[in-house]
Every structure is written in C-alpha cells, then in structure tokens.
Amino acid sequence: MKSTLKLATYRNMLEKKAEEVRRSMSAQKAAQVVARLDVPSDEGDLSQQHHEEWIFLNRNTIDMKLLREISDGLHRIEQGTYGVCLECEEPISVKRLEAVPWARYCVACQEAIAARAALGQPVDDFQEAEK
Ligand SMILES: [Zn+2]
C-alpha cells in the first residue's frame, strides 16, 4: 500500500507549499512595516491600526498553523506513516492527498471533526490526534 504512494511527489508538493507560505508571510510583514511608516499616527488612526494588526496576527496564525501541518506531513513521510488517517487509520485517498498533501484525516473523519467544531465544541482538529 505504502509503495503505491508517490512519496517523493508529495514531499515536493509539501516543500513547495511551505516555501510559498513562508514567502507570503515575509511579504506581509514587509507591507505592514511600510504601511506603518506611511501613516502619521494620530488618534483617529489608532483603532484602524489595531484592526489591521489584528488581521495581520490572525492571518499569521493561519499561516503558522499551515506551516506546522506541512512540516508534520513531511515528518510522516520520514516515519512511513504518510497518507494514513490519524483518526481511523485507513488510507487517505490519493485524490485528497493531491488536493491537500498535508491532510491528516480521510474525508469522513475530517467532516466529522468539522461538524464537531461547527457545534461550537472547542476542537483543535490539528492537535487532538497527535498525542
Ligand atoms: Zn479517517
């Protein structure tokens, strides 16, 4: 089963995506600094500035999370556990891995987790299955 997965291909996809995310994070950071220098900071700007900061941090958190998922995916390739659902231990479909190479769960488990999250349960779907 494992030998049918094109691990080198997935590794490439993961590394490329990680590079992309890192680049977009530093581009955002640079844009943020430039914007800060441009805007004279009087009181009217302050709340707007806070708002922008919040968006930036939020966006950054999502990127950090994605980077972590990608690096975990690479780790699973090393460990030989790549492409297996962490929840039900069934193989994740090739179609899904090609769309989301850092996927941890099969579609069914991912949907179950998303449904739990939608009910307002504080689910960190990326952490709970790890330890
Ligand atoms: Zn599953």
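Student: Let's start with E89. Does E89 count as buried or exposed, and why?

Tutor: The way in is to count C-beta neighbours inside 10 Å; 12 or fewer makes a residue exposed. E89 counts as exposed because it has 10 of them. Keep in mind that we're reading a predicted model here.

Student: Where is E89 found?

Tutor: In the loop between α2 and α3, where α3 covers 94–99.

Student: And what is the phi of E89 near?

Tutor: General idea to begin with: most residues other than glycine have a negative phi. E89 goes the other way, with a positive phi near 65°, and it isn't a glycine. For a glycine with a positive phi, look at G120, which follows α4 and has a phi near 90°.

Student: Which residues does C88 touch, leaving out those up to four places away in sequence?

Tutor: C106 and C109. C88 is also placed in the loop between α2 and α3. With 13 C-beta neighbours inside 10 Å, C88 counts as partly exposed. For a reach along the chain, take C88 and A108: they're 20 residues apart, and their C-alpha atoms are separated by 9.4 Å.

Student: Let's zoom out. How many helices and strands does the protein chain have?

Tutor: Four helices and zero strands. Reading along the sequence, you get α-α-α-α.

Student: What share of the residues is buried?

Tutor: Of the 131 residues in the protein chain, 13% are buried.

Student: How do I read a nonpolar core, and how many residues does the largest one have?

Tutor: The general idea is that in soluble globular proteins, nonpolar side chains tend to be buried together. In this model the largest nonpolar core has 13 residues, and C85, I92, A103, Y105, C106 and C109 have the most contacts inside it. α1 (7–38) and α4 each supply at least two residues of this core.

Student: Which residues is C85 in contact with, leaving aside neighbours within four places in sequence?

Tutor: C85 is in contact with E90, I92, Y105, C106 and C109. You've met C106 and C109 already, since C88 touches both of them.

Student: What does α4 look like as a helix, and how far does it reach?

Tutor: Compare the span with what's expected at 1.5 Å a residue. Helix α4 runs over residues 107–118, so twelve residues, and goes 16 Å from its first C-alpha to its last, close to the expected 16 Å.

Student: How about contacts that are distant in sequence: what percentage join residues at least 24 apart?

Tutor: Take the contacts between residues at least 6 apart in sequence; 58% of those join residues at least 24 apart. For a concrete case, A18 is found in helix α1. Setting aside residues up to four places away in sequence, A18 touches L67, I70 and S71. The C-alpha atoms of A18 and E69 are separated by 9.5 Å, though the two are 51 residues apart along the chain.

Student: Why does A18 count as partly exposed, and E19 as exposed?

Tutor: It's the neighbour count again. A18 counts as partly exposed because it has 18 C-beta neighbours inside 10 Å. E19 also lies in helix α1, but counts as exposed because it has 11. E19 and L67 are 48 residues apart along the chain, with 9.1 Å between their C-alpha atoms.

Student: Where does D63 sit, and which helix is it in?

Tutor: D63 is in helix α2, residues 43–79. D63 touches V21, S24 and M25, not counting residues up to four places away in sequence. From D63 to R22 is 41 residues in sequence and 8.1 Å in space, C-alpha to C-alpha. D63 is partly exposed because 15 other C-beta atoms lie within 10 Å.

Student: Where does pLDDT stay under 50?

Tutor: Where pLDDT is low, the predicted coordinates should not be read in detail. Here pLDDT stays under 50 over residues 125–131, so treat the nine contacts the model has there beyond four places in sequence with that in mind. Across the protein chain the average pLDDT is 84, and 82% of the residues score at least 70.

Technical notes:
Residues are numbered from 1 along each chain as its sequence is written. This is a predicted model: local features need pLDDT of at least 70, side-chain atom pairs count only at pLDDT 80 or more; totals for chains, interfaces and linings use all residues. A residue is buried if 20 or more other C-beta atoms lie within 10 Å of its own, exposed if 12 or fewer, and partly exposed in between; C-beta atoms are placed from the backbone. Two residues are in contact if their C-beta atoms, placed from the backbone, lie within 7 Å. A nonpolar core is a set of buried Ala, Val, Leu, Ile, Met, Phe, Trp, Tyr and Cys residues joined through C-beta atoms within 7 Å. pLDDT is the predictor's confidence in each residue, from 0 to 100.
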